[in-house]
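Student: Hey, can we go through the charged pairs in this one together? I'd like to get a feel for them.

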Amino acid sequence: MTSVTTQRGEHLQQLISSDASVAGGLLDREDLLEMLDRAVRRRVTVISAPPGSGKTSLLRAWADRSTDLGRVVFVSVDRDQQDAQRFWEAVLDAVRGPARSIGPEPQSAAVAAVDGDQLVDTVRSALAEHVEPVVLIIDDLHELRSADALTQLEQLLATLPSSARVVLSSRRDPAIRLHQLRLVDEVAGIRASDLRFTEDETRELLASSGVGLSDAGAAALHQRTEGWAAGLRLAVISLSGHPDPERFVAEFSGTDRAIGDYLMAEMLQRQPSDVQRMLLRTSLVDRMNGELAGVLAGRPGAEQMLLELEEANAFVMSLDPQRTWFRYHHLLADFLRLELRRTLADELPDLHRRAARWFAEHGDVVEAVRHTLAAGDRPAAARLVADHSFRWVLDGQAGTIRDVLQAFPEGASADHPDLALAHAAAELNRGRLEEAAAQLELAESHVQSAPPARRRRLAVAVASLRLALARRSGQFGEVIEQVKLLDASVRDASSEPIAMSSELRGVALLNLGIVETWSGRLADAQRHLSEGAALAQTIGRPYLEVACRAHQGFPSKLVSVATARERARQAVALAERYGLEDRPIVTPAFGAVGGMAIWMGEFDEGERWLRRAWEVASAHVDPAAAVLLHVATGMLHAGRGQRRSALDEFEAAAQAQSLLTGAHALAPRITGWLAATQARLGMPDEARATLEGFAAGSDPRGAGGNARAVILMAEGDSAAALEVLRDVRDTTQGVPGFTLVEAHLLAGIAHLDLGDRSAAAAAAEAALAAAEPDRLIFPFAMAEAADLLDALPHHETAHGALLADIVDLLRDGSAPSTDRERLSQPEELSPSELRVLRFLPTNLTRPEIARELYVSINTVNTHVRNIYSKLGARDRSSAVQHARELRLLATGRS
Amino acid sequence: MSNDHRIPASPAHQGGRQDDRVSTPPGLYTIRIKGRLGATGLSAFPSMESEVKGSETVLTGLLEDRSALFGVVAQIEALGLELLELRQVRAR
């Protein structure tokens, strides 16, 4: 899977031309532009022609010109792109963002590990969202070497929003099946023969470049180059200022040399020797600025040369409007690299080392590693990786770690324990905890043998990863233990630079705070996370700061629901400010905002936030955060009276909780609600079993008591239920507010069952009183308290406004009406969701469906959730029924 | 990159993958390219002998497997050369 080999030349075949820039002097090829205008009336246009044919030039000229077609979005596939996720992220960025320049990207900040399917869905929605039609141009598609990405692209094309158009440009016919679209005449093609210059265009090009050539000369040139755009442009460069253009053409026509080979050699030879020197040595890198070019050429003046070459349109193009970064046309770059290797092979290792040093000094460690490897110094490259691993972890740069590891040949890590740290971080990001632990083990054993100067740095990285690993595995006790040890060691190492201690301290505070959050020690969590966030801000670590803040949106004895919600919202805003809002680490903040909205009875708002939470939570989100999301989603369903779906979610929450070694703060609540939901669905035996299974640390006065009451009431024994509830209701200390509200409501319903309307009214009033401070509306919906509230004369309550809101919600927000509304106008299901939908009529369980589709169970859960919500279904059977009604199960698309 | 999220490849792609597993035996190949190549162009094919025949360059060489073969073809494409013929002379 490595994209770069040690010998620069070996991967020349992977270099591809994306044609020339549209700098001045290029021809406006009106006929071709019109051809493209006609082509994009169809949904998909495929431009397929060899390098140097003028594909990119045409597309850029067309994109710059066309305004009446709506928005044109331009994406160039990165060289040798093997990563489907990266590819779709680039597409999504382009579709979402304003028209972006093709300039050098800052070392790509890492990316949330959302899977490709989800990204494709997001791209499709983003395309559909635009009011104006969007033309998505994907250039250099031949560089896309991921079978997954191509399959996903095929799916996208098959289900393109009706207003969207896609133009694919490639050196070869892309391996994408388009016959369905062809059958309905929705595919246009532009090929090499269409792109060829005509003789007239050749004459125009010569004239516009100020080359004086006879008609016969122009005809000969056209014939010799066969109208090949790059050939003509190379010829023009050599012809400009040539003392005898006719002779040049005659010589060119007379030789049987290959066109490009001959013209590029000619062009290089005609350059002054210092320009030749610079061109050859700088061809080593894909992109350069004046400084880097100077370092490689070993002489000053490189920037001026690059600017002049660009102005002369000599296959050098600037990548940014300020013209500080440049690259060579791929054809020329390939030629120069061959020539460099052929004539200056001895200098190569030294040139690579110089490039590596420059990139390392300028913070581009990935390029530095690549060039160090190319210089043949694998141990040094591995050391570079090890020394930067901690920073990448600190900044959440999962993508960088992935990239840098890919630069090494496969199997290299065994020989280089220095790579183990990065591997551990990568595995951790992918949720492969055992593999991460094994790599950490390896890294740790290596730390001892490292020279003292590096030992501490490596030890710090190992320690921070150990913490993260323990936290993700839910080993709450272990985290606290580790932090204690670390605390001692950080204090001892007074000689170390403070920055490193601060960073490790930040990581420790974060992990400690997260663990305390999930284990319900919210006051400690609050203190540690605030300190961690403040520290992160001071030392300029936004990812760390956001991660700390994202875990602070939970209510406690000291923090109201409204305050918690506001904090979570601020955490999201902070993440957005830093552009980190799509990282899995922000999941708890989204979940908290959504959850708090649901507590307050704002179900639609809650649903919106939960959707974002599930989008951001990768398939490998921490189980502890998954618990939160499942509980909140279950609440949403329960609040809407969708008991069956609520049950699914509470079960999923219990399942996620079982992955943790420590007990989640939400565990008693999950058990209580799971049992209560089972009881309400007429499964009292299951409900009792659920409560019994939760022996450890059970709280009979809290959630468990309420659940037992629900079971008794379901069995018709309301009197016994009241007995149980009395314990909860009489307790003034240690019972969470929402449990109290719930207990009052259940008691009220029990009284109503027993015909005691005044006791029922009193209980309802008590519930309102307990709910008022935090506006805890959700328990009223979950307890299905509509009848009970009817029993409370509205003039008798001191909480009239709250009561009115709740009654409105129970009446209008009830599930059936929204369900019908949704069914009439169902939101379109994504292809991934459709794939999952096909399995719902079968007997396969969710894990079995996941195996069938080669996706994780979490992905299936997400899709099922979306299917239910889009179809307005409460459970699997109603989803199947609605899908049948909408004929979604009969389309036969794979 | 996430292997655990691989969606099943379409039959067309699976075909390609399976073919890769059936190894092509190493063999002697000749490749005809339009035009004569200069020293720089020829240096792109270090594993092959070159010969000029009329206005064509003929590359001949033992290519170890399919990867080696497609490597040469990709190189021809990248340099903007025109491939006229590709032939296996004999299997080894």
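Tutor: Sure, let's talk through some salt bridges here, keeping in mind that this is a predicted model.

Student: How many salt bridges are there over all chains?

Tutor: The count comes to 52.

Student: Ok, pick one. What does Asp286(A) pair with?

Tutor: Asp286(A) forms a salt bridge with Arg79(A), and their closest N and O atoms are 2.7 Å apart. Asp286(A) sits in the loop between α13 and β6, while Arg79(A) is in the loop between β2 and α3, so the pair ties together parts that are 207 residues apart in sequence.

Student: And how accessible is Asp286(A)?

Tutor: Asp286(A) is at 30% relative accessibility, so it counts as partly exposed. Arg79(A), at 25%, counts as partly exposed too.

Student: New one: which residue does Arg86(A) bridge to?

Tutor: Its partner is Asp403(A), with the closest N and O atoms 2.8 Å apart. Arg86(A) is in helix α3 and Asp403(A) in helix α20, 317 residues apart, so to speak of distant parts of the chain is fair.

Student: Are those two buried or exposed?

Tutor: Both Arg86(A) and Asp403(A) are buried.

Student: What about Glu605(A) and Arg608(A), where do they lie?

Tutor: Both are in helix α30, 3 residues apart, which is about one turn of the helix. Their side chains meet in a salt bridge at 2.9 Å, N to O. Arg608(A) is exposed, with a relative accessible area of 51%.

Student: Which residues do shared partners join into one network?

Tutor: Arg391(A), Asp395(A), Glu503(A) and Arg541(A) are joined that way by salt bridges.

Terms used
Residues numbered from 1 in each chain as written. Chains lettered and ligands numbered in written order. Predicted model: local features only at pLDDT ≥ 70, side-chain atom pairs only at ≥ 80, totals over all residues. Heavy atoms only, no water. Salt bridge = Lys/Arg side-chain N within 4 Å of Asp/Glu carboxyl O. Helix = DSSP H or I, 4+ residues; strand = E, 2+ residues; numbered from the N terminus. Buried < 20%, exposed > 50% of the residue type's maximum accessible area, 1.4 Å probe, protein only.
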